[in-house]
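Hi everyone, thanks for making time this morning. I'd like to walk you through a structure I have been looking at, one region at a time. Let me put it on the screen.

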Amino acid sequence: MSNDVKENRIASVVLLLFSATYFAMAFFTIGQPASKQILGPDAFPKAIGILMIVLSAAYVAQSFRGMSKEDEARAALIGADEKLSSYVDVKTVGIMLGLMLIYAFIFERLGYPISTFLMFMAGVLVLDRRHLVRDAIIGLVISFGLHFAFTFLLRVQLPAGPLSWFGL
Amino acid sequence: MNFFDNLALGFGVAVTPMNLVLAFIGVFLGTIIGVLPGIGPMTGIALLIPITFGLEPTSAIILMAGIYYGAMYGGSTTSILVNAPGESSSVVTCFDGYQMAKKGRAGPALAAAAIGSFIAGTFATLVLMLVGPAVAAFALNFGPPEYFSLMFAGLTVVTSLAGRSLVKALLSTTIGLAIATIGIDLQSGVPRYTFRNPELLDGLEFLVVAIGLFALSEVIVNLCNMNQAVQERLEIKGGLWMSKEDWKRSIPAFTRGTLSGFFVGGIAGAGAAVASFVSYGLEKKMCKYKDELGQGAIEGVAAPEAANNAAAGGAMIHLLCLGIPGSGTTAIMLGALLMIGLQPGPLLFVQNPQFVWGLIASMYIGNVMLLVLNLPLVGMWVKILDIPLYLLMVFIILFSFLGVYTMNNSVQDLFLMVGFGVIGYFLRRLDIPAAPIILGMVLGDLMEQAMRQSLMISDGSLAIFVTRPISLFLLLLAVISITNPYWKYIGIGWRKLFGRSAAA
Amino acid sequence: MFDKKVVLFALFALIVIVAACAPAPTATPVPTVAPKPTEASKPTVAPTAAAAKPTDAPKPTEAPKPTTAPTVATGLVPATKGGYPNKALEIVAPAGAGGGWDTLARTVQRSLETEKLYPQPTTVVNKVGGGGGVGLAYIFTKKADDYELVVYSPPLIINTLNKTFENDYKELTPLAKLITDYQVILVKADSPYKTMGDLMAALKKDPGAVKFAGASSPGSMDHLAIAKLAKNAGIDPGKMSYIAFNDVGSGLTALLGGNVGFMSTGVGEAIPQVEAKTVRALGVSSAERRGGVMKDVPTWKESGWNVTYEVWRGIFGAPGMSADAKAWWGETLKRMSATKTWKDSLDKLQWVDAYADGDSFAKFLDEEFQSYKVLMTDTGFIK
């Protein structure tokens, strides 16, 4: 069994569980309206839930039994989507995702220019560190440049972080 | 008829050096605002309103209209170059625009977007000038039932977004519909799926999901291959400019996009995002090269870009002729006009002709300026792709964060975006199309609200959807669109059953 | 390859943590790329870190430090009180750009700036979501910060009563009530209902017969205003058909398209259509008649229903604002409400000046709270 098939099977089951959860929540978590309603707030979620369960069940069937002839014909007609290589550089992706989460975490705490500069440098260090001086300058210009452009030209407030102490 | 007098009056107002400069500043600022993610035309205008205080009313609206058009256009730039939609109305442009860029055809894609915007903008202005009030009066026929039918017809677009498996596309649409139910339900005030999180009460921001699913997942895909294909750049192949072939294919797409966009977004008032989706679906049905759509067909850029600009122009008609804003952006412009001391509405044409005609004239001028400004910029934008891949990836991350944060000043949105980036990556691995999720999100909420509003109006009778002619027409359109691929089977079945009589 | 990345990653994390905990501005971390911690940031892992804020992770911006010298107050600037103000001011608009709260926040900001009433920079920050709840939660993380203001209107009370808000607004520091608007009942120009009397009679006969539109969910202002009126007239608000629209524009489209019988909206939003005579205003919720285009529109009171409904908007300080700052703002806002910039803006936005100082505003809020509590209990929005 190829990886591809296995992944699809796992995904289809996960989606089925997700759909069932969504459907069940429509019964238990949506409150009663206080005003007059023809269709209550839970009607659409329930309908969508049923649709989702049916479709993910079809997906489960498809992933365990293979595509129907009709779909194969359709696929041949449309042309397969661009296939992703199954190779994953787990380390790089993992580190970058971790960096993104940290970036989100420090975005307001450290302020925009500093956190952005850190994110930029960290990204550069992870991905390619052959032009560090050049990249450091680019990083400085971008992070601080954008901050000032937004704050003073567009008057969109970005978090200044510790820089606010200098009145920036 | 003093139509030409009016137009002359208008150009007399618009072609003062001051107003020309303002129109230019407007489209220039607008383009920048459009390119910057997060700050859409709405926020852009809201933030720049104070600048307009010192200006004449006509000059002020000229500036604002320029920003509006510029931003509508500028949003497509990042969609095409880095798969990160700048505005909700440019999500569709990602589908084929980015694929074109990947094939080294970013230049023609950007050019097609600029020209499409120009054509559609000019068309909408013409309509405003010739039959604005009549169009506006017709628009009032779109009540909740018509809205529902329109959204329902819009959902049929999903078949054109499907890849290999229809089941996956439909499933993906329902996920989008499910996401759309998050937040306070407008019709009852009851919170749904909010997990007592105050930031979820307003629902998930559409661009948070779109940027995650498209831009960040693209980054992840590229990161996966980073070590294998270090320093690869997206190469530019062929000319920067549209070829003869491109023109031949684009012109019908411009036409269809402009007309459908004007109807859906302008007359029916369904907004530019819906308009762009519908025009894409229409391309999938009508264009000669429909099989190429989704893999970098120029029609996939030309039509939606024309459509969203036609919709923006249509929204201006609502604003000026009815005094009713047809979009968030025009709502803010209405506020600004009131502050200036003008009352948009049916009386505006009578009371302030120099204002209205000056604006119309400047809309032509603005559109031309937009074109003049942006075509030379194509060469510059394309250079962005020359940046080494690793830097480009980092830039896209920074860019996405900035855009998503400035929308709501919310850190939670940033985490959500990263989450959707990961989900988007897995969807691509699994061959599940992400576009229908966005479609479901765009249409889901509007459709549900319209349906429940309609049923309140009719006291629960479903007949309201088929007894009103426009609604019925739209529903029939939807049915035809769904069943269309199967008609040939009916024919085959007919011949099998009644083979002889059919042959005879 | 991998181990180096891990080191770098750890270094990055370290810098982040160090800087995030630092109580004072640790300056820009030096952009060195050497794989060892920079000296500048290392010793600042201060023990004070977690103590600053129990609710949230510590933010370096928070703890206000009155060390910087107060700027000299000149000209129109009100006298400083205990060194206040000496920092940039942030006004929170608890909704997106362009809405009512945002417009008010920006108008206040502009008036303060143009009239040189605030000697330091001022900014408006939009905290969008939860009907204002996100903004409220935000200002509650700024307790005792004298440089945080926020604007609100009746949803502050409504959303507290229906438990949308997690924080108790009563902890905010009311500084001034600034403006007010009223609700108006609109019908299409060719509607059979010519007066409030016609409409109320029809509703009395069958409360569900005439559908009405508003631009917010049931249980918010557009709906409650009519519910209040209906109750007074002996009509059961629960039996009436209220249809919620996303914004005033789509509500008006539905009204003009004949899809709903009448609409409840703010006077400000109604004026363009009333002036163009595409709609007719049947009654306004103020105690006395309004001027301008609305001068011929009777009040609900005049038409025989003793009900008024006010959509006030006011400005608050963060919870636990110091007495000095409160006093300073009391004076400054009073001054601001008399300036030309402010008055001109109100004119243009068709807002009604309703200035009241902090204490009377606080009292007014208590009355509003009681009145909404009764109204919302009666209409079933509080159980």
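Let's start with a helix pair in chain B. The axes of α10(B) and helix α19 (residues 435-457) of chain B come within 10 Å of each other, and they cross at roughly 175°. That angle is over 145, so α10(B) counts as roughly antiparallel to α19(B). On the α10(B) side the contact is made by B:F206, B:V209, B:A210 and B:L213, and α19(B) answers with B:I437, B:I438, B:M441 and B:V442. If you sort that contact by class, you get eight nonpolar residues, no polar ones and no charged ones.

Before I go on, please keep in mind that this is a predicted model. How confident is the prediction for chain B? The average pLDDT there is 84, and 95% of the residues score at least 70. Within chain B, confidence peaks in helix α18 (residues 411-429), at a mean of 93, and is lowest in helix α23 (residues 499-503), at 52. As a general caution, where pLDDT is low, the predicted coordinates should not be read in detail.

Now a second helix pair in chain B. Helix α5 (residues 91-102) and helix α12 (residues 272-286) of chain B have axes that come within 8 Å and cross at roughly 40°. Is that parallel or oblique? An angle under 35 degrees would count as roughly parallel, and this one is not in that range, so α5(B) and α12(B) are oblique to each other. Here B:V91, B:V92 and B:F95 of α5(B) meet B:A273, B:S276, B:F277 and B:Y280 of α12(B). The residues of this contact divide into six nonpolar, one polar and no charged.

While we are in chain B, let me show you two backbone details. Most residues other than glycine have a negative phi. B:N83, however, has a phi near 65°, a positive value in a residue other than glycine. You will find B:N83 in the loop between α4 (57-82) and α5 of chain B. B:N83 is buried, because 25 other C-beta atoms lie within 10 Å, and 20 or more is the cut-off. The other one is B:Y193, with a positive phi of about 50° although it is not a glycine. B:Y193 sits in the loop between β2 (191-192) and α10 (206-224) of chain B. With 19 other C-beta atoms within 10 Å, B:Y193 is partly exposed.

Next, the contacts between chains, beginning with chains A and B. How many residues does the contact take from each chain? Chain A gives 59 residues and chain B gives 53. On the chain A side, at least two residues each come from α1 (3-28), α2 (43-65), α3 (69-78), α4 (90-109), α5 (112-127) and α6 (132-154). The residues on that side of chain A divide into 39 nonpolar, twelve polar and eight charged.

Staying in chain A, have a look at the segment after α6, where A:L158 lies. A:L158 is buried, with 23 other C-beta atoms within 10 Å. Leaving aside neighbours within four places in sequence, A:L158 is in contact with A:Y112, A:H147, A:F150 and A:T151.

Chain B also has chain C to deal with: 41 residues of chain C are in contact with 39 residues of chain B. Which element of chain C gives the most to this side? That is α7(C), with five residues. By class, the side of chain C that touches chain B has 14 nonpolar, 20 polar and seven charged residues.

Finally, chain C itself. Its secondary structure comes to eleven helices and ten strands, and 50% of its 383 residues count as buried. Among the contacts in chain C with a separation of 6 or more, 73% are between residues 24 or more positions apart.

The strand I'd like you to find is β9 (residues 310-317) of chain C. Seven of its eight residues are buried, so β9(C) is largely enclosed by the rest of the structure. Strand β3 (residues 148-152) of chain C runs antiparallel to β9(C), joined by four bridges, and C:Y152 has C:G314 as its bridge partner in β9(C). Strand β4 (residues 173-188) of chain C is also antiparallel to β9(C), this time with eight bridges. There, C:A176 is partnered with C:I315 of β9(C).

That's my tour; I'm happy to rotate the view to anything you'd like to see again.

Technical notes: Residues are numbered from 1 along each chain as its sequence is written. Chains are lettered from A and ligands numbered from 1 in the order in which they are written. This is a predicted model: local features need pLDDT of at least 70, side-chain atom pairs count only at pLDDT 80 or more; totals for chains, interfaces and linings use all residues. pLDDT is the predictor's confidence in each residue, from 0 to 100. Two residues are in contact if their C-beta atoms, placed from the backbone, lie within 7 Å. Ala, Val, Leu, Ile, Met, Phe, Trp, Tyr, Cys and Pro count as nonpolar, Asp, Glu, Lys and Arg as charged, and the others, Gly among them, as polar. A residue is buried if 20 or more other C-beta atoms lie within 10 Å of its own, exposed if 12 or fewer, and partly exposed in between; C-beta atoms are placed from the backbone. Two strands pair if DSSP finds at least two bridges between them. Axes are lines fitted to C-alpha atoms, for helices over the stretch in contact, and angles run from 0 to 180 degrees between N-to-C directions. Angles under 35 degrees count as roughly parallel, over 145 as roughly antiparallel, 65 to 115 as roughly perpendicular and the rest as oblique.
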